[in-house]
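Please work through the following exercises on salt bridges, aromatic pairs and burial. Each task is followed by a solution in steps.

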Number of protein chains: 2
Amino acid sequence: MTKFQEFAKEYQPRVNQDLQAEVLEQTGQQAPKVWQEMLTYALLTPGKRLRPLLALAVIDSFGQSIDEDAIQAATALEWVHAYSLVHDDLPAMDNDAYRRGQLSVHAMYGPASAVLVGDALQAGAFSLLAGLTEVSAEQKVAMIATLSQKAGANGMVLGQVLDMDNHAVNEDKVALAAVLDQVYQKKTADLLQAAALIGGQYLGLNQKSLGHLADFAGAFGLLFQIQDDLDDYDQDAAEGVVSLVHLVGLDQAQDLVMQLKIQAETALAGLVESEVSFDPELLTSILSQIGA
Amino acid sequence: MTKFQEFAKEYQPRVNQDLQAEVLEQTGQQAPKVWQEMLTYALLTPGKRLRPLLALAVIDSFGQSIDEDAIQAATALEWVHAYSLVHDDLPAMDNDAYRRGQLSVHAMYGPASAVLVGDALQAGAFSLLAGLTEVSAEQKVAMIATLSQKAGANGMVLGQVLDMDNHAVNEDKVALAAVLDQVYQKKTADLLQAAALIGGQYLGLNQKSLGHLADFAGAFGLLFQIQDDLDDYDQDAAEGVVSLVHLVGLDQAQDLVMQLKIQAETALAGLVESEVSFDPELLTSILSQIGA
């Protein structure tokens, strides 16, 4: 088991516990039971909890113990990720009735409820960050600015908009590859960057170190998505799905993976240099998952 | 023209200008033009801009001049209100092709885009508050906590959930009236309360004064919704729509309006007592619109 797998094994259950507890807290005593059920169902969709775990891994990498407040900061990322999945699966969007082997939220509770569940989850993420108790107001504002920008009209949601455009596209392969690169950045890497940054902002790191974290997580996010394409290469080809890997070719995609790994490692080396308390082992171990 | 009508005439254009400018700022230089168009279309839907105007009216009532930063704080409320209208109109929700005489966002750009426009508008509201420059970080966190709670799983979105339940209801008129009362509170009054509170938090008022503002805006929100029912009384009856007014009867509804007006005026009197700089004229004038 890698160091990150051990870390995930320890903290995934705590993240899940908190997600469940936060629903009760945010809906209030008088909320209809079925409403709490829907929100819990959406948040506890089977998954790796990669975004909160990345935020927590950053905190752990600086030798900080992980308390309830840190978990709450990290789960805010899962509230946003969960909302995006619920809305993605809607009939008006990807129309997926299943998500990781169980009924998607709209298939289970109807599309109107799924719209509202997603909307409430997004608002809840900001409530969680505003309600932290162990960090300064300045840190909370920085975390909220990060999350709202990386998730919003110039971040994750824009990634979805660009992705929709792709479905309608054009034969110009170079332009399409550029768009896909942007889609991957916005749709996947932006929220992973937010996770790493929120971990760093929780610790009160300076702008230079936050820059290294953003570089690391940006490269990691793209790696993560490209590796996903590589894994699905034959299946996508059979189904006629055009991924970035199909556009640029296998060789160039593997070169890109090597390049991005170097970029991520360089960012970690920068952190080692600028922060004496930083231990790169755990974040290096996240990287090593890719392609393993 | 009442004092509030004059105030609205002065500040509505500035609010609209800011809404437009903020879209460009929040989407970034490279955003597709059509994406900026969609967001602008949603934000500039014809309307009174009541929520930002209420926040600004609170600021003005304390003798503070209204600068760009105050307008930005106030427009955050319109970003949330606009997102809720875009999602309400979706085919999966109310399926309205028109909103105030023009095509709704989904009718204009398709339902997938409408989901994404709403999602981006909600995130943008929190970016706007996090990006204020003239208030302390503590004030920004307080405003963000207010907006996320009043708009979220125990606020405006819960109002929608309860409202959906109503459509499916039951013959128990008393219970239904209680639910409607809660629907009105959550669906309409909560965001108006957020508007008044955000105005007060922008000024840095103490908890006691914020409590008076919340009481005022809560009563005003219910008044606003009940007056709407009274205005539509005959039309609703003809169309078989069951409003609170139909449930409790015209006489009792008019009693309720009187009661709520007294409640709102009492809250303003409380503010006059606790804040020497507070002039109740403008907020009293908002109240006088109701039923006029």
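**Exercise 1.** Classify the burial of Lys187(B) and identify its salt-bridge partner.

*Solution.* Step 1: Lys187(B) has a relative accessible area of 28% and is therefore partly exposed, where buried means under 20% relative accessible area, exposed over 50% and partly exposed in between (1.4 Å probe, protein chains only). Step 2: its side chain meets that of Asp163(B) in a salt bridge, at 2.6 Å from N to O; a salt bridge is a side-chain nitrogen of Lys or Arg within 4 Å of a carboxyl oxygen of Asp or Glu. Step 3: the pair links distant parts of the chain, with Lys187(B) in helix H9 of chain B and Asp163(B) in helix H8 (residues 156-167) of chain B, 24 residues apart. Helices (H or I, at least four residues) are DSSP runs, numbered from the N terminus. Step 4: Asp163(B), at 15% relative accessibility, counts as buried.

The model is predicted: local features need pLDDT of at least 70 and side-chain atom pairs count only at pLDDT 80 or more, whereas totals for chains, interfaces and linings use all residues. Residues are numbered from 1 along each chain as its sequence is written, chains are lettered from A and ligands numbered from 1 in the order in which they are written, and side-chain values use heavy atoms, with hydrogens and water left out.

**Exercise 2.** Describe the surroundings of Glu78(A).

*Solution.* Step 1: Glu78(A) belongs to helix H4 (residues 68-88) of chain A and is buried, with a relative accessible area of 4%. Step 2: apart from neighbours within four places in sequence, Glu78(A) is in contact (heavy atoms within 4.5 Å) with Leu19(A), Leu43(A), Arg49(A) and Pro52(A). Step 3: Glu78(A) forms a salt bridge with Arg49(A), whose closest N and O atoms are 3.3 Å apart. Step 4: because Arg49(A) lies in the loop between helix H2 (33-43) and helix H3 (50-61) of chain A, and Glu78(A) in helix H4 of chain A, the pair ties together parts that are 29 residues apart in sequence. Both Glu78(A) and Arg49(A) are buried.

**Exercise 3.** How is the ring pair of Phe220(A) and Phe224(A) oriented, and why?

*Solution.* Step 1: a pair of aromatic rings is described by the distance of the centres and the angle of the planes. Step 2: rings of Phe, Tyr and Trp (its six-membered ring) pair if their centres lie within 6.5 Å; planes under 30 degrees apart count as stacked, over 60 as edge-to-face and the rest as tilted. Step 3: the structure holds 13 aromatic pairs over all chains. In the pair of Phe220(A) and Phe224(A), the centres are 6.1 Å apart and the planes at 45°, so the pair is tilted. Step 4: the two residues, four apart in helix H10 (residues 207-231) of chain A, are separated by about one helical turn. Phe220(A) is buried at 2% relative accessible area, whereas Phe224(A) is partly exposed at 24%.

**Exercise 4.** What kind of aromatic pair do Tyr41(B) and Tyr109(B) form?

*Solution.* Step 1: the pair is edge-to-face, with 5.7 Å from centre to centre and 85° between the planes. Step 2: Tyr41(B) lies in helix H2 (residues 33-43) of chain B and Tyr109(B) in helix H5 (residues 105-109) of chain B, so the pair ties together parts that are 68 residues apart in sequence. Step 3: Tyr41(B) is buried, with a relative accessible area of 18%.
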